[in-house]
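The following exercises concern the structure shown below. Please attempt each task before reading its solution.

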Number of protein chains: 2
Amino acid sequence: MDKVRILPEIRLKQMVEKLKKNGFRITPQRYAVLKVLAQSENHPSAERIYEQLLTDYPTMSQATVYKTISLLKKTGEVLELEFSEMSNRYDGNKPYPHPHMICTKCGTISDPPMLDFEKLKNKMMEKTGFTISSHRLDFYGYCPDCQKK
Amino acid sequence: MDKVRILPEIRLKQMVEKLKKNGFRITPQRYAVLKVLAQSENHPSAERIYEQLLTDYPTMSQATVYKTISLLKKTGEVLELEFSEMSNRYDGNKPYPHPHMICTKCGTISDPPMLDFEKLKNKMMEKTGFTISSHRLDFYGYCPDCQKK
DNA sequence: TTTCGTGCAAAAGCTTTGCATTAGC
DNA sequence: GCTAATGCAAAGCTTTTGCACGAAA
């Protein structure tokens, strides 16, 4: 599996193909959501995606955004970062587990350099008897900008 | 910071002291919630704590459970694992960040052997300029029991 | 007696769902 | 033309909040 960010256009094509292959239609609304997610570097929330698309797609609804995300989750084409105190955040460019830096002041979520988790994962599987299929690694703190303030 | 599970009775005392020190009263209801959290190995949800206490405290309310947890969060005496698709889960015995194994079949959350995160954290801080104050590391997969089924 | 905590019920916030209308294929 | 998708509004869930009553210091 590739571990670096790929070109949004290429990622978009991948997502479209995957949906088509699974028998889903590519509507203008869906395509628009996919496009935002394919190029997202800022881990947008569903609300944020919706707002961003409203100007170009005035009839866009939140339901459609959520339903599209739901499709992508089923086909493994988006990574969902769950939160309970704020909205979930999504990464469609890198839909596989990777570490995140989360600023607890401004809410920014960014990707630090990738880590090799295979060794750690294998050690964990050995020690616990779990079969690990996924993981989540978040670091919480203040981002460089917020430290200055 | 101690990295292993401590005796529930001792942990309970610590929690009580911390609340007292911060000027909060120790009511029977609060004490009961603290007791469950101090000995919890199974990362209960607020709902689960509430149910568990209903027999001994028939007047117990969910609000009281949530309000007590909220106090503990403020004083750093409970670790909250946030989820959006299910209720949050709590660990009052080990209120500091530590890895979790989460079974995606039966929902069990358990603690694997502790890892030394200091090196990794320091490396991350160097590379990103973040000041990391906390982290979250979850592994998702099937627990040994669920693999048999 | 004054302050704090409890617990009911209502509200809040995010996400999902039902359903009639619209649009892909 | 058949089936799926959209989008509105309502429902669902967990968690928080307002408030009157009761209890603790």
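**Exercise 1. State the order of the elements in chain A.**

Solution. Read from the N terminus, chain A follows the order α-α-α-α-β-β-β-β-α-β-α. This amounts to 6 helices and 5 strands, where helices (H or I, at least four residues) and strands (E, at least two) are DSSP runs numbered from the N terminus. The model is predicted: local features need pLDDT of at least 70 and side-chain atom pairs pLDDT 80 or more, whereas totals for chains, interfaces and linings use all residues. Residues are numbered from 1 along each chain as its sequence is written, chains are lettered from A and ligands numbered from 1 in the order in which they are written, and side-chain values use heavy atoms, without hydrogens and water.

**Exercise 2. Determine which turn lays chain B on chain A.**

Solution. A turn of 180 degrees, with a shift of 0.0 Å along the axis, lays chain B on chain A with an RMSD of 0.1 Å (least squares on C-alpha atoms of residues with pLDDT of at least 70 in both copies). This is the relation of a two-fold axis.

**Exercise 3. Identify the partner of Glu85(A) in a salt bridge and locate both residues.**

Solution. Side chains of opposite charge can pair when their charged atoms come close. Glu85(A) forms a salt bridge with Lys73(B), at 3.0 Å from N to O; the term requires a side-chain nitrogen of Lys or Arg within 4 Å of a carboxyl oxygen of Asp or Glu. Glu85(A) belongs to the loop between strand 1 (79–81) and strand 2 (89–91) of chain A, and Lys73(B) to helix 4 (residues 62–74) of chain B, so the pair joins two chains. Over all chains, the structure holds 18 salt bridges.
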